[in-house]
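I opened my notebook on this model to look up a few side-chain pairs and the helix that holds some of them. Here is what I found, in the order I looked.

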Amino acid sequence: MNAKKYIDRFMALEEAAKNEIIELLKNNPKGRFIQPNQHHGEDELFATEGVWALTGDEDAIMISAVGLFDDDELRFRASLLDDDYNDYEWFTLDEFTHPYCELYEFVVNNLDIADREPFEFPDEEE
């Protein structure tokens, strides 16, 4: 009997979803950055569309942007409750955060509004 049978299956699904997200973004003619809030005219830090995830630090975050950077590494932007997470800078997920199956749906549903470059917030001084 394998006590980790379903955990192993889940992790394999997560890895498959992650790899397919990378391939979808890599081959998307519209771009490699899914940032739907910016297409709705919102540049607030709190996202209105995204995927909830629990980080290894047990923070409940809403991932609101997915980007595939030139090194073919996925990075994300997220909010934490009603505030920014990681100063709303692009970050990589830790080894304990597994939202890729849900992120796959998020990416597929938003491929048509992908951007070629990551959205940058205007400097507050300007």
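First entry: I looked up E23 and K26, which both sit in helix α1, three residues apart, about one turn of the helix. Helices here are DSSP runs of H or I with at least four residues, and strands are runs of E with at least two, numbered from the N terminus. The model is predicted, so local features need pLDDT of at least 70 and side-chain atom pairs pLDDT 80 or more, while totals for chains, interfaces and linings use all residues. Residues are numbered from 1 along each chain as its sequence is written, and side-chain values use heavy atoms, without hydrogens and water.

Second entry: I found the side chains of E23 and K26 in a salt bridge, at 3.7 Å from N to O. The term asks for a side-chain nitrogen of Lys or Arg within 4 Å of a carboxyl oxygen of Asp or Glu. E23 counts as partly exposed because its relative accessibility is 39%; buried is under 20%, exposed over 50%, and partly exposed in between (1.4 Å probe, protein chains only).

Third entry: K26 also meets D72 in a salt bridge, at 3.3 Å from N to O. This pair links distant parts of the chain, as D72 lies in the loop between β3 and β4 and K26 in helix α1, 46 residues apart. D72, at 30%, is partly exposed too. Salt bridges with shared partners join E23, K26, R32 and D72 into one network.

Last entry: I turned to the buried residues of α1, which are E14, A17, I21, I22 and L25. Seen down the axis, they fall within an arc of 135 degrees, so they line one face of the helix; the arc is taken from the directions from the helix axis to the C-beta atoms.
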